[in-house]
Amino acid sequence: MLSYLLFLSSGLFLGWSLGANDSANIFGPAVGTKMVKFNTAAIIACIFIIIGSVVSGQNTAETLNTLGGVNTLPAAFAVSLSAALAVRVMLKSGISVSISQTIVGGIIGWNVYNNRPTDSETLINICSCWVLCPIISAMIAVFLYWSTKRVLHHSKMHILWQDMVVRMGMIFTTALGGYAIGANNMADVVGVFVDSCVFDDIRIGNLYTLTGTQVLFLIGAIAVSIGVFTYSQKVIKTVGKNVLKVSPAVGLIVILSQSLVLILFSSETLENFLVSLGISPLPAVPVSSTQAVIGALVGVGVAKGGKGVKWNIVLKLICGWITSPLMAFILSYISLSFMENVFKQQVYIP
């Protein structure tokens, strides 16, 4: 157990990075517009990150395992550490990057190092979802923006009532966003450790049983929560203020849009419902909450005429999305070589 926890530390570091990086996407606009205090938003988000991780976090892990089933504990450590280091480097420059992309880059590095083929169909599905994610988020944001504008115009609601509704809405969407992050992105944190999980099931009275995998996801969620409280405020300044100066109402729309997108790509219930109707569902794929929130911000900016969007910052973020998986790929390959040749650890079971 001690050795397992030692190897799991890289996953916990990645979880910390996820909390530091992606909490900006959960409540950055809410904090940036000063509608919700940072501590209040962080507590609400962390509670629902844990709930989402335990209840639904395993849904997207299967996709990552199909891409490349990292089948030894030392290899999982190396892949996860590489992704975390890539995120950390980008965070130091104040760029909010995609955890999903870095872990995929790390897994592909493991495939290449061990001369294993990467499942091309799964990779195409994942990359397609990365492209669709900001587009769908932008479309939802535009729809919500015009709908909200119309409702506020015709309701003639007093400004104080508008303020109260927006604040309550931001609290709700912060909770929804936290759940969505846990459900969709927790596979990025501990998904590569699922095959080697050693935790036993835990019974909670006669009501509920946590499986060993759920215990693993719970520990990952705690690491994410620590990241939220210790390092997220710097990134929140970029996402909450710099890309587009938003009003409180627009901030609410942005949070809601990205939360809905993440749920679309992680809800097994929704997937089964669409299949029952004969509709092709979106695959359960870990997508980038960063891309979703930037897509929503750009969508609202375009709906307002496009003049308020700071395209140079958007371009900087896109460059970070391209650079981070490549960096994780290289770091993964190098760290696996060190793990096998220097530390004499097995990184692949044929």
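This report describes one helix pair and two residues with positive phi in a predicted model.

Residues are numbered from 1 along each chain as its sequence is written. Because the model is predicted, local features need pLDDT of at least 70 and side-chain atom pairs count only at pLDDT 80 or more, while totals for chains, interfaces and linings use all residues, and side-chain values use heavy atoms, without hydrogens and water.

**The helix pair**

Helix α1 spans residues 2-32 and helix α10 spans residues 248-264. Helices here are DSSP runs (H or I, at least four residues), numbered from the N terminus. The axes of α1 and α10 come within 8 Å and cross at roughly 170°. An axis is a line fitted to C-alpha atoms over the stretch in contact, and angles run from 0 to 180 degrees between N-to-C directions. The two helices are therefore roughly antiparallel to each other (over 145 degrees).

In the contact (heavy atoms within 4.5 Å), Asn25, Ile26, Phe27, Pro29 and Ala30 of α1 meet Gly251, Val254, Ile255 and Gln258 of α10. These residues divide into six nonpolar, three polar and no charged. Ala, Val, Leu, Ile, Met, Phe, Trp, Tyr, Cys and Pro count as nonpolar, Asp, Glu, Lys and Arg as charged, and the others, Gly among them, as polar.

**Positive phi outside glycine**

Asn115 has a positive phi although it is not a glycine, and Lys344 is likewise a residue other than glycine with a positive phi. Both are exposed (over 50% relative accessible area, 1.4 Å probe, protein chains only).

| Residue | Phi | Place | Relative accessible area |
|---|---|---|---|
| Asn115 | about 55° | loop between α5 (99-113) and α6 (120-155) | 71% |
| Lys344 | near 55° | segment after α13 (311-341) | 65% |

Technical notes: Parallel < 35°, antiparallel > 145°, perpendicular 65-115°, else oblique. Buried < 20%, exposed > 50% of the residue type's maximum accessible area, 1.4 Å probe, protein only.
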